[in-house]
There are 2 protein chains.
Amino acid sequence: MDADSYTRTTLSTADLAEQDRVLGALAQRTRELVDATMRTEVDHAEVEEITALIEALTTRLGKQQRPGSLGVEIGPDGTMRNPGNAVVGLRNPVAPPLRVERTPDGTAAASFHLGAMYEGPPGLVHGGVSALILDQMLGEAAAAGGAPGMTGRLALSYRRPTPLGDLRAEAAIHEVNGYKTTVHGRILDPEGNPTVEAEGLFVLPRWARDAMADARRPDSFE
Amino acid sequence: MDADSYTRTTLSTADLAEQDRVLGALAQRTRELVDATMRTEVDHAEVEEITALIEALTTRLGKQQRPGSLGVEIGPDGTMRNPGNAVVGLRNPVAPPLRVERTPDGTAAASFHLGAMYEGPPGLVHGGVSALILDQMLGEAAAAGGAPGMTGRLALSYRRPTPLGDLRAEAAIHEVNGYKTTVHGRILDPEGNPTVEAEGLFVLPRWARDAMADARRPDSFE
């Protein structure tokens with residue numbers, strides 16, 4: 001978590017929206033390409049020609065690039081975003097991405113589709129992909145309720161197989177205890193049956209608590 | 001888990017190796033493209049041209065394709081593979097992919113690299129990606145020790161942040177109790193410090209136990 005992982009954008013709100021449009025489309029078309037590379041049955045000569053063209057596009061994109069990962073982007077209004085996030089990142093082709101509905105009382109919900117790239121057992125979502133999605137959803141619920149943190153513990157119970165396809169995930173804060181937040185959540189299959197249940201403990205790191213205390217200090221002297 | 005998720009290949013061992021070479025290269029070049037799309041800073045006109053070219057390649061790959069996910073491929077020697085697996089699948093651009101070393105006494109180990117596409121907090125591996133990798137590693141250890149199963153429970157303890165970059169994961173069977181196997185594992189940072197620890201319970205489903213019992217029956221009548 002380097003300081004240079006935080007980038008304050010110099011773009012206006014309109015320019016940022018245009019950037020999201022252009023780079024969001026790149027990510028979405030790349031997601032579709034990933035799925036197509038997995039399921040294709042075209043002949044080997046055609047695959048090899050396409051492979052070479054993909055390599056050429058990588059070279060073009062790499063002519064100017066940031067050295068590391070995307071980190072956190074601070075917008076013109078001060079809001080922070082994580083465009084590279086593996087579950088919700090607009091710019092991450094590996095992310096479905098989830099569009100999470102959050103409420104201030106600490107709930108999060110999302111409907112999403114998982115295709116071939118998320119497979120574990122044949123025809124089923126990888127158990128670890130369910131864990132990945134639930135970790136994000138539980139963290140979103142904690143943050144939505146004003147009690148954010150980094151994952152301290154995560155416990156998953158697999159009730160029945162999760163089929164690839166259309167799914168839903170829900171999470172809600174169970175308890176807030178100082179800087180520790182307990183959150184419950186689950187994945188639901190298309191019939192509404194819970195397939196995986198999760199309980200997570202999210203802990204606000206000391207440095208973040210210190211930063212928040214510092215930010216509050218001026219008020220206490222008024 | 002449909003019956004058509006199991007495909008018995010009609011290829012010879014040599015043809016299968018050639019297919020792995022061609023389709024493995026397609027997946028690897030696509031992995032590199034995903035990383036490049038995320039980190040690129042080329043101008044919008046160039047991004048939009050590349051986006052259109054990616055869409056055209058998806059169309060070419062889609063001219064012939066299987067309807068669903070890759071499922072399990074049964075090789076000429078009867079071995080089963082899961083080329084679409086989200087962690088170890090040769091054909092899955094989302095998989096790092098892990099190359100897992102397994103031993104018959106029930107251990108699994110892998111060294112791997114996680115780049116921008118696996119980010120959660122800035123500069124760090126997404127907590128759920130660590131869960132994804134550990135779920136696979138624990139399952140590999142259970143299978144390596146002859147006590148395979150599907151994930152029943154998975155409990156993760158996050159000890160310290162996991163930095164993006166070069167990492168290692170290890171897992172070993174802790175206990176086998178009939179058709180239930182308990183496995184322990186962890187992720188190690190480049191200094192060898194454990195960042196995430198996991199305990200998993202893997203359960204062999206009834207249908208698999210029945211199939212194995214049926215397979216054994218002829219011997220018991222000898």
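How many residue pairs are in polar contact across the interface of chain B and chain A? In this predicted model, the rule finds 42 such pairs, counting residues that are both at pLDDT 80 or more. The elements of chain B that give two or more residues to the side touching chain A are α1 (13-39), α2 (44-61), α3 (127-144) and β6 (150-158). Of these, α1(B) gives the most, with 16 residues. Sorted by class, the side of chain B that touches chain A holds 39 nonpolar, 26 polar and 17 charged residues.

The extent of the interface can be put in two ways. By contact, 82 residues come from chain B and 82 residues from chain A. By area, about 7500 Å² is buried between chain B and chain A, and carbon and sulfur atoms give 63% of it.

The arrangement of the two chains comes next. Chain B is superposed on chain A by a rotation of 180° with 0.0 Å of shift along the axis, and the RMSD is 0.0 Å. This is the relation of a two-fold axis. Within chain B, the C-alpha nearest that axis belongs to Ala155(B), at 2.1 Å from it. The interface residues of chain B are, to 100%, also interface residues in chain A, so the copies meet through the same surface.

Ala155(B) is numbered within β6 (150-158) of chain B, and this strand takes part in pairing between the chains. Strand β6 (residues 150-158) of chain A is joined to β6(B) by five bridges, and the two strands run antiparallel. In this pairing, Leu154(A) stands opposite Leu156(B).

Charged side chains also link the two chains. Between chain B and chain A the count is six salt bridges, while a search of the whole structure finds 24 over all chains. One salt bridge joins the side chains of Arg60(B) and Glu49(A), with an N to O distance of 3.1 Å. This pair crosses between chains, from helix α2 of chain B, which holds Arg60(B), to helix α2 (residues 44-61) of chain A, which holds Glu49(A). Another salt bridge is formed by the side chains of Glu48(A) and Arg21(B), at 3.3 Å from N to O.

Turning to the single chain, chain A has four helices and nine strands. Along the sequence these follow the pattern β-α-α-β-β-β-β-α-β-β-β-β-α. The C-alpha trace of chain A spans about 70 × 45 × 25 Å along its principal axes.

Chain A contains an open sheet of three strands in the order β1-β2-β3, and the pairing is mixed. At the edges stand β1 (6-8) and β3 (80-81) of chain A, each with a single partner strand, so one side of each is left without a neighbour in the sheet. β1(A) is joined to strand β2 (residues 72-74) of chain A by three bridges, and these strands run parallel. Arg8(A) stands opposite Ile74(A) in β2(A).

Chain B likewise has an open sheet in the order β1-β2-β3, formed by three strands with mixed pairing. Here β1 (6-8) and β3 (80-81) of chain B are at the edges, and each has a single partner strand, so one side of each lacks a neighbour in the sheet. The antiparallel part of the pairing can be followed in this chain: strand β2 (residues 72-74) of chain B pairs with β3(B) in the antiparallel sense over two bridges. Glu73(B) has Arg81(B) in β3(B) as its bridge partner.

Further along chain A, strand β4 (residues 101-103) and strand β5 (residues 107-114) pair in the antiparallel sense over three bridges. Arg102(A) has Ala108(A) in β5(A) as its bridge partner. β4(A) and β5(A) form a hairpin with three residues between them, and Gly106(A) in the turn has a positive phi of about 90°.

β5(A) also pairs with another strand. Eight bridges join β5(A) to strand β7 (residues 165-177) of chain A, and the two run antiparallel. In this pairing the bridge partner of Ala110(A) is Ala169(A) in β7(A).

How values were computed:
Residues numbered from 1 in each chain as written. Chains lettered and ligands numbered in written order. Heavy atoms only, no water. Least-squares fit on C-alpha atoms with pLDDT ≥ 70 in both. Contact = heavy atoms within 4.5 Å. Buried area = accessible area lost by both parts, 1.4 Å probe. Salt bridge = Lys/Arg side-chain N within 4 Å of Asp/Glu carboxyl O. Polar contact = N/O pair within 3.5 Å; in protein donor to acceptor, adjacent residues only side chain to side chain. Nonpolar A, V, L, I, M, F, W, Y, C, P; charged D, E, K, R; others polar. Pairing = 2+ DSSP bridges.
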